[in-house]
Amino acid sequence: KHTQWGVGAELMAELNMLEKGGGLGITGRFNYYQPLTDAIVEMTPNNDISYMFRGFGIYAIDPLFTATIEEPLGGFDAELGLRIPYLSEYVETWVYGGGYQFKGKDYTEPVNGFMARVEVIPTDFLRFQYEYRSDRTERHQHSGEFMVEVPFSIENLVTGKNPFEDLSDKFEGSRDLHARLNEPIHRDVDVVAILMLM
């Protein structure tokens, strides 16, 4: 079990550089992670017997213990996203590119990688995402995400009105900057760790 603390920053801007197509939306993110726990070194019995040739004989090697080291990594990730003009007037679409670096304190070499993702938001309450990552430990890692956020008003439910009243006017193109401020924070909550056998 490992713990960490982290801090992040996000920057959002709307640049109305184009008269048609809705202008250019930009989102930048930076997250920093610092582990609070040290590497865990465990000595476990080794029940496997290996063999080797030497001279004219075969020798059995039976080491008593194997060392397992699990080290949490600290580091950062960053990305820059652009909303695709014209297409986003019908279906809001974003492309992101970025990178990350994680490194251990005692045992692990730095892990440098890059990531790219596409995010499609057909409505304010529906979000599709595809992400690609690659580094020396996780080569060609693909992942997808599907999110649903349904507006529900308890006040309308109690007063006998439609609790999904805000659902009807959400099928629009690009959101404005004010609406984007409510989108979920994009941060990895998992502790990045490397497991090694010695």
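These questions and answers cover the fold and the aromatic rings of a predicted model.

Biologist: How many helices and strands does the protein chain have?
Modeller: Read the elements from the N terminus. A run of β elements comes before α-α, and a β closes the order. In total, the protein chain has two helices and 12 strands.

Biologist: What share of the residues counts as buried?
Modeller: Buried means under 20% relative accessible area. The protein chain has 198 residues. The share that counts as buried is 29%.

Biologist: What part of the accessible surface belongs to carbon and sulfur atoms?
Modeller: Start from the whole chain. Its accessible surface comes to about 13200 Å². The part that belongs to carbon and sulfur atoms is 59%.

Biologist: Among contacts between residues at least 6 apart in sequence, what percentage joins residues at least 24 apart?
Modeller: Contact here means heavy atoms within 4.5 Å. Within the set at least 6 apart, the percentage joining residues at least 24 apart is 57%.

Biologist: Why does the pair of Tyr33 and Phe102 have the class it has?
Modeller: The structure holds seven aromatic pairs, counted by ring centres. For Tyr33 and Phe102 the centres are 5.9 Å apart and the planes stand at 35°. Planes under 30 degrees apart would count as stacked, and over 60 as edge-to-face. The angle fits neither class, so the pair is tilted.

Biologist: How many residues apart in the chain are Tyr33 and Phe102?
Modeller: Tyr33 lies in strand 2, residues 24–35. Phe102 lies in strand 8, residues 92–103. The pair links distant parts of the chain, and the separation is 69 residues.

Biologist: Is Phe102 buried or exposed?
Modeller: The limit for buried is under 20% relative accessible area. Phe102 has 8% relative accessibility. Its partner Tyr33 has 4% and counts as buried. By that limit, Phe102 also counts as buried.

Biologist: Which strands does the pair of Phe114 and Tyr132 tie together?
Modeller: The ring centres of Phe114 and Tyr132 are 5.9 Å apart, with planes at 55°, so this pair is tilted. The two residues are 18 apart in sequence. Phe114 lies in residues 111–123 and Tyr132 in residues 126–135, so the pair ties together strand 9 and strand 10.

Biologist: Which of Phe114 and Tyr132 is partly exposed?
Modeller: Tyr132 has a relative accessible area of 18% and is buried. A value of 45% is above the 20% limit and not over 50%. That value belongs to the partly exposed residue, Phe114.

Biologist: Which arginine has its charged end over the ring of Tyr100?
Modeller: Ring pairs link Tyr100 into a cluster with Tyr33 and Phe102. Arg117 lies over the face of another ring, Tyr96, at 3.9 Å from the centre. The charged end 5.0 Å from the centre of the Tyr100 ring belongs to Arg133.

Definitions and conventions: Residues numbered from 1 in each chain as written. Predicted model: local features only at pLDDT ≥ 70, side-chain atom pairs only at ≥ 80, totals over all residues. Heavy atoms only, no water. Helix = DSSP H or I, 4+ residues; strand = E, 2+ residues; numbered from the N terminus. Buried < 20%, exposed > 50% of the residue type's maximum accessible area, 1.4 Å probe, protein only. Areas by Shrake-Rupley, 256 points an atom, 1.4 Å probe, with all protein chains shown as cover. Phe/Tyr/Trp six-rings, centres within 6.5 Å; stacked < 30°, edge-to-face > 60°. Lys NZ or Arg CZ within 6 Å of the ring centre and 35° of its normal.
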